[in-house]
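Q: I am new to this structure and would like a close look at a single part. Please walk me through it in short steps.

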Amino acid sequence: MMGNTMSLVSAALKEGRVAPTELCQRCLSLIKSTKFLNAYITVAEETALKQAEESEKRYRRGQPLGVLDGIPIAVKDNFNTAGIETTCASNMLKGYISPYNATVVQKLLDQGAVLLGKTNLDEFAMGSGSTDGVFGPVRNPWSYSRQYKEKSVPKSHSEDKDSNWVITGGSSGGSAAAVSSFTCFAALGSDTGGSTRNPAAHCGVVGLKPTYGLISRHGLIPLVNSMDVPGILTRCVDDAAVVLGSLAGHDPKDSTTIQDNFKPFELSNLPDVSKLSIGIPKEYHAPGLSSEILALWSKAADLFKNAGAKVIEVSLPHTRYSIVCYHVLCTAEVASNMARFDGLEYGHRSDMNKSTESMYAATRREGFNDVVRGRILSGNYFMLKQNYENYFIKAQKVRRLIANDFVKVFGSGVDILLTPTTLSDAVPYTEFIKEDNRTRSAQDDILTQAANMAGLPAINVPTALSERGLPVGLQFIGRSFQEKQLLTVAKWFEKQVKFPTIQLEEVKRHDHGVFQHQKSASFL
Amino acid sequence: MSVSVLQYCSTTFAITLLAPWVPVVGLEIHAQISSNSKLFSGSQVQFAAPPNSLVSFFDASLPGTLPVLNRRCVEAAVMTGLALNCSINKKSLFDRKHYFYADLPAGYQITQQRVPIAVNGSLSYSLCIDNKMSQMVTKTVRIKQIQLEQDSGKSLHDDTRSQTLVDLNRAGVGLMEVVMEPDMCCGEEAAAAVRELQLILQTLGSSQAVMSEGQLRVDANVSVHHPGEPYGVRTEVKNINSIRFLAKAVDYEIQRQIKELESGRTILNETRAFDSKLGCTVPMRDKEGKQDYRFMPEPNLPPLILYDAKSLPANMNHQQVVNIDWIHERLPDLPSVKRAKLVERYGILPEHSFTLLNEDGLSEFFEDVIKQTQMKPKKVIGWILKDLLSYLKKHSLTVKESPVSSFLLADLLNRLEEKEISSTAAKQVFAELWKGEGKTPLEIVKEKKLQLIQDQKDLEQICQTVMAIKAGNRKVLNKLIGLVQRETQGRSNPVLVKQLLEKKLSE
């Protein structure tokens, strides 16, 4: 049951094979037994059970609110949740209880979803490992899978499971780990440079970054307003389409959302890709791309070719400037967005009371980690009057060029782009922290970031296990607001690759039924 | 410091002969938009509400909140732009201006730095020369731009307890910043320009523009230079909270700069505050030091797009769009037009039309009286300006607070016009009416026996008496004294009256 897709569980709820409270209890106890993953910052046990009870009443009356009614979900801890702490994994907001729900959270609750808790992240979503939050790093559930354990040779006996574990990627690592370890059926992440797709790839789940403006950002604590998008993490593409349908559309509280109504869609069970044109952007053959992933990528291209699709190499020449351009735009907005954390209205306030200015300084020094402070510093540098033209304006122009590359490619008849999501599979934590956050972010965002620059929808589809037994995903990038086409292609691909289910001891103990759905054949 | 503005101007002129100085004055005016809710949030706008009672999550900058533009504020800015002959930008942008201050919760103000909503306008204003109402000149100041922006909250510094109290009620209220080019040269010009702007805003209803309530805030940029040379270093004078103080502050600053320069010192590019008690400007404790505001586009607001009849998309929801032409067609008469109409319609003097418009509600009062009386407008205006207005001024009352309504005044003037009472008596009746005891002019006339003596026999008798005296009959003099006593209600000194009469009659 726990390893099922949301759609299957939804059917089970509807048919009465499982009750919402039972489902909620099971998730809660699984959260407890997988606590070592550090996927959740806050578990809202009490309110979750209350919500499950309400859901149960609706099912008993035969009036469930829809497919999401009674479905346990988790939300990244940078979305505001009324009554439940919202920390952004930062000392600055430790203990902060928001008085309002983010629009996406409200929409999920309105449709009967059960909010289990808030998931871990890099502080203020600044990172690509989910290792830089004040509550500690998130551990990738695959570190504890039979698949990984069998393939990774422990260096010595003394090195137990505490030295070999791999990172989840980030910054929505908590949400990815939560979905991957079966503690919830869907989770919200956020995606500014790849923060949903990157951990999705490392944790073997579907990670959808919708078109900018399709989903409301109201209540999402911003990283880069002009690139942030609420992300959706699920076990399969169909589930992502369902969640998307429940969240998308205009929000009067977010002026950057589309004005038109969004029509939720269902994906065909027999998706057809034969008439499609799939573009392979050559620039994504980036330095540092593992040979394993490269091989997987070209195999995937062949799959499409064999299915009758046109597969052509395309060029996005400005993508290589994406990271440096992002660095300027991101830090500038960060510097601006973080200005509100001054200790006056909410959040941490230093005891320093010599003057308002010294209180600000101490509050911000105590409240933010080095990564956040570093980005604030460089962002303010780029925005100085004498630097603005040379950095910010230039970066904006480069951003336009990057976006235009996509426009040209899609204008030439290409429907979907196929790329790797990450350069390699997840690295062990001990490896990861050898480089600083800035270097890591620059490396890890390289394949995902351009989609944010251009505001395009993109999705990670788990594709295969690496030689080390870790998940590897590929990314599809679609045209603006063409989520249906994008998800259709993703679903077709998902069906072809038959990504294996994670085999977790913890889950096995909780749910005997989990392995019966295991796929026999896998892609590699 | 009670020296008049123009004396300053002439002093400047006197110095000119030796070393000419040209003062240059530009203004930055913040007008609070009159709207029910704030610029980017749904919180109510209200003056003097309990502290922090009008604060939304957005106003307090709670993380995750986003700005949503208030359509009413946009319309107010468009109206104001049109009234000031600006070109309205069909696409304008919002920017963030960063600085840390306790009453700026987000750490930045949303404003329009790059592309404001209205640009390149002009404002004509009139002022009198040598304080003579009859010598009015009209001048024009260019309007550089009008930008929409958020107001900040209010900080109250308690120095004894070394704490700062913050009230966010005002935080996020919509402002129009009107930037006037440095086309003025003295305090009186600046004051006249601001007064005209204030009248325009009040006529449009785009701002209540009451300076004492902070709805209109004026900063003056002042510099002096020699003709033919580049502008001098300018100072910015803040903390000016009335139009009268604006004139004083500007003139003081001009004189101060001239004195400084002539004693070989230099002018610092600084912010100075006007001290209304001392009547001078003093350097402000620079609360932020040299600031780099690190402007950045506001990423949460798409460009503000305005339409006109031509560009209006057919399928657009009309609630969603602001149509410039629609607003243009509905602009009310501006003060200059109102004045011209008053002059034309009622044959009054142009300077009287200024006075009528300068007092809130006075021109309406005037027109109401006209409607209810047969008296010629030219005569009515005298009553309005000499009597009503001076009483109002003397008692510091507004037109609305006048105890004499337009109805009562019209009634009184009708009696005067029909010669029921003399003009002297009418003034007496007016004085009685001012007491606000609820009496009608007729009641007062009767009570005080102020009727004009119309009876032929009475008058004949009086005349005969006079003739008799002239003929040498001194006995009837007492009768005449009696008449004077009646006229003065017995308050005249009989001995003095007798002496006067005797003198007059013997002429």
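Which residues does the UniProt annotation "active site" cover, and what surrounds them?

A: One point before the details: this is a predicted model. The UniProt annotation "active site" covers Lys76(A), Ser171(A) and Ser195(A). That annotation comes from an unreviewed entry. The three residues are spread over 120 residues of sequence. Even so, they cluster in space, and the largest C-alpha distance among them is 11.0 Å. From this set, Ser195(A) is in the lining of the second largest cavity.

Take Ser171(A) next. Ser171(A) sits in a loop of chain A, between α6 (161-164) and α7 (173-180). Is Ser171(A) buried or exposed? Ser171(A) counts as buried, because its relative accessibility is 0% and the cut-off for buried is under 20%. Leaving aside residues up to four places away in sequence, Ser171(A) touches both Lys76(A) and Ser195(A). Its other contacts beyond that range are Asn120(A), Leu121(A), Asp122(A), Ala125(A), Gly127(A), Ser128(A) and Ser130(A).

Now Ser195(A). This residue also lies in a loop of chain A. The loop runs between β4 (186-191) and α8 (197-203). Ser195(A) has 7% relative accessibility, so Ser195(A) counts as buried. With residues up to four places away in sequence left out, Ser195(A) touches Lys76(A) and Ser171(A). The list for Ser195(A) also holds Ala125(A), Gly127(A), Gly170(A), Ser172(A) and Ser190(A).

How do the side chains of Ser195(A) and Ser171(A) meet? A polar contact of 2.9 Å joins them. Lys76(A) is on the contact list of Ser171(A), and Lys76(A) is on the list of Ser195(A) too. Ala125(A) and Gly127(A) likewise touch Ser171(A), and both touch Ser195(A).

For context, consider the nonpolar packing. The largest nonpolar core has 168 residues. Phe124(A), Leu244(A), Phe304(A), Phe406(A), Leu418(A) and Phe476(A) touch the most other members. Phe304(A) shows what such packing looks like: beyond four places in sequence, its contacts include Val273(A), Ile278(A), Leu418(A), Phe476(A) and Trp492(A). A second, separate core of 71 residues includes Phe40(B), Ile88(B), Ile117(B) and Met180(B). In soluble globular proteins, nonpolar side chains tend to be buried together.

To return to the starting point: Lys76(A), Ser171(A) and Ser195(A) carry the annotation, and Ser171(A) and Ser195(A) are linked through their side chains by the 2.9 Å polar contact.

Note on methods:
Residues are numbered from 1 along each chain as its sequence is written. Chains are lettered from A and ligands numbered from 1 in the order in which they are written. This is a predicted model: local features need pLDDT of at least 70, side-chain atom pairs count only at pLDDT 80 or more; totals for chains, interfaces and linings use all residues. Side-chain values use heavy atoms; hydrogens and water are left out. A nonpolar core is a set of buried Ala, Val, Leu, Ile, Met, Phe, Trp, Tyr and Cys residues joined through side-chain atoms within 4.5 Å. Buried means under 20% relative accessible area, exposed over 50%, partly exposed in between (1.4 Å probe, protein chains only). Contact means heavy atoms within 4.5 Å. UniProt positions are given in the numbering used here, feature names are shortened, and annotations may be inferred rather than shown by experiment. On a 1 Å grid over the protein atoms alone, a cavity is a set of points where a 1.4 Å probe fits but cannot get out, and a pocket is an open set with protein on both sides within 12 Å along at least five of seven lines; lining residues have an atom within 4 Å of a point. Helices (H or I, at least four residues) and strands (E, at least two) are DSSP runs, numbered from the N terminus. A polar contact is a pair of N or O atoms within 3.5 Å; within protein, one must be able to donate a hydrogen and the other to accept it, and residues adjacent in sequence count only if both atoms are side-chain atoms.
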